Amino acid sequence: MTDHALRLLRQDSHLAELAAFPFNFDLARADAAHVEPVRLASGGPLEVVAGDDTGGTYFVCADGSLLYADSEGSAGIIGSSVDEALETVIGLPGWHDYLDLSPSNGEEAILARVAEIEEEIRECHSIDEERAELRAALGLPERSPVELIGMLHAALLRTEPDFLLLNGEELCAYDLLDRHPRPPLWEPVLARGRADLASLRAGERTVWDLMAEDPVRRRLALRAAQFDRAEGDLGLLRHLLRHEADSSMTDELRLAAVLVGLRGDVADLPLLHEVRETDYDTHCGLSEIPEPGADAAELVHWAEELDDSMFGTDPADEPLSTWTELALDQGMTELARVALIRELDEIFLDQTKLRHPLDPTRMETSQINWLVHDLKRVGDLPQALRARRLHATLQESAWDRVSARLDQAQLERACGQLARANGTLTSIRAILADPGDDSLRHWTRVNFGRFIAEEHYALTRVLADAALTEEAHILLTAADAILGELSGNGMKSLRELAEETAERLRDVS
């Protein structure tokens, strides 16, 4: 995390000129902005310290890591500090040509590639004396190309999740600078569950007791047991099943019931029925459990059908939402954020991913709804808004169009995009006036109408507080008109909200 070499470059114009040419780390380009506005998905700060002649930019991150972004939409960490990155930039001229290399390529292949690239560079200009001079002046050690490739490879692998770079306006993510494989999301997410499963199998009493109290660890242990099924697990599965019922109807409760049922022990039917009758939700969610008196074959048949349709033994087959939600449950916020943004970007690039599997003429947009939900959990409202806007454009019925736009307006208001929120509410009123189908025929007599009115009043207050009194007056009139159409429960509180909003507007006018 040192920047000793960077300070020396800033103090010595000759050294700075050498870094700029032939090593293409040009401090003078720090005054120029990157080719487009960018920001880190995590919200962390970025400081431009240099650029190169291809339009690439070097950024220092909060922890001192150096992030390089090229002009084509790729970015990656190239050093844990500026000094470490300079070791690579100076020690491996043309370092971009080594992004596919890693220590696994072996010393011979690495040295051959470096020799080939450097010979090509020497045909245009010298690098050896300049490299020696810069290394000595900046106090950088003389490392072998193999060691430098190892450092670069390790740095690149740190890019995600903490240093994902976004286009600052469209919010889409930059590609990774390299193409080295990363572990699938489920591996780090499931690590705690695998460890707990091993402890349960070892009979560690403390872990058995913790499983009764910690719903997140129970869920993780059950997921670990889903993908690592052992004959001797029935006792611990019963334990997890009994206590998972405390969380009411979860996917993991259904999974626990399936894993127990697959053993085909009819002595477990009383336990399964006890769990099913925990509350109304578990009764509905586990309604297909065979009745008491069923034989082992019937129990196994029920469990196998549910296992085939909902679970299975390959974590790669699980929907991404399983892993992002378990990541968030464990506080792995940035890991979840990266996966969600990448998934959203893929949908923007290829909306055929949303085609309904049984009817390709229809769009199945529940996946975007899930993205909105989890991005809100992450606290990334701009990304949630990006997803909701796409979702709103794909809705067919008038009810669904209004519902999506209502959430869109709420997110726009929360993000401070007041003009756009006002425009979204205007579009909602247009749909209410001319829906085009009968899905909204009862909107004035159900809570949906109250929610629409409440958002109109909420935005009116925010517009008033922002001194946009003309817009606030227009919106208040529209809100009162909606209120006049409503009936049913909650009207008293809604009228009080209308009066409070009107008073607030009078105060600031």
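Here is a short tour of some strands, loops and surface residues in this structure. The model is predicted, so local features are described where the confidence allows, with pLDDT of at least 70. Among the things to look for are an open sheet of 5 strands, a hairpin formed by β8 and β9, and a negative surface patch that includes Asp 507.

**The sheet**
- Reading across the open sheet, the strand order is β2-β3-β4-β5-β7, and the pairing is mixed.
- At the edges sit β2 (46-51) and β7 (175-176), each of which pairs on one side only.
- Inside that order, β4 (residues 66-69) and β5 (residues 74-79) run antiparallel and share 4 bridges.
- If you would like a spot to click on, Ala 69 stands opposite Ala 75 in β5.
- As general background, strands of a sheet pair through backbone hydrogen bonds, in either a parallel or an antiparallel way.

**The hairpin**
- Strands β8 (residues 355-356) and β9 (residues 359-363) are also an antiparallel pair, with 2 bridges.
- Together β8 and β9 make a hairpin, with 2 residues between them.
- Arg 355 has Met 363 in β9 as its bridge partner.

**The loop between α2 and β1**
- The loop between α2 (13-20) and β1 (38-40) holds Pro 22, and a cis peptide bond with omega of about 20 degrees joins Phe 21 to Pro 22.
- Asn 24 is found in the loop between α2 and β1 too, and its phi is positive, near 60 degrees.
- For context, most peptide bonds are trans, and most residues other than glycine have a negative phi.

**Loops on either side of β6**
- A cis peptide bond links Glu 160 and Pro 161, with omega of about 15 degrees; Pro 161 lies in the loop between α6 and β6.
- Leu 164 is in the loop between α6 (145-156) and β6 (165-167), and it counts as buried because its relative accessibility is 2%.
- Leu 164 and Met 332 are 168 residues apart in sequence, and their C-alpha atoms are 15 Å apart in space.
- Leu 171 belongs to the loop between β6 and β7; its phi is positive, near 70 degrees.
- With a relative accessibility of 11%, Leu 171 counts as buried.

**The negative patch**
- Glu 496, Glu 499, Glu 500, Glu 503 and Asp 507 form a negative patch on the surface.
- Asp 507 is part of helix α23 (residues 491-508).
- Asp 507 counts as exposed because its relative accessibility is 55%, and the cut-off for exposed is over 50%.

Technical notes:
Residues are numbered from 1 along each chain as its sequence is written. This is a predicted model: local features need pLDDT of at least 70, side-chain atom pairs count only at pLDDT 80 or more; totals for chains, interfaces and linings use all residues. Side-chain values use heavy atoms; hydrogens and water are left out. Patches are made of residues with over 30% relative accessible area and no salt bridge: like charges are joined within 9 Å, nonpolar side chains (Val, Leu, Ile, Met, Phe, Trp, Tyr) within 5 Å. Accessible areas come from the Shrake-Rupley method with a 1.4 Å probe; for residues, only the protein chains shown count as cover. A salt bridge is a side-chain nitrogen of Lys or Arg within 4 Å of a carboxyl oxygen of Asp or Glu. Lys and Arg count as positive and Asp and Glu as negative; His and the chain ends are not counted. The place of a charge is taken as NZ of Lys, CZ of Arg, CG of Asp or CD of Glu. Buried means under 20% relative accessible area, exposed over 50%, partly exposed in between (1.4 Å probe, protein chains only). Two strands pair if DSSP finds at least two bridges between them.
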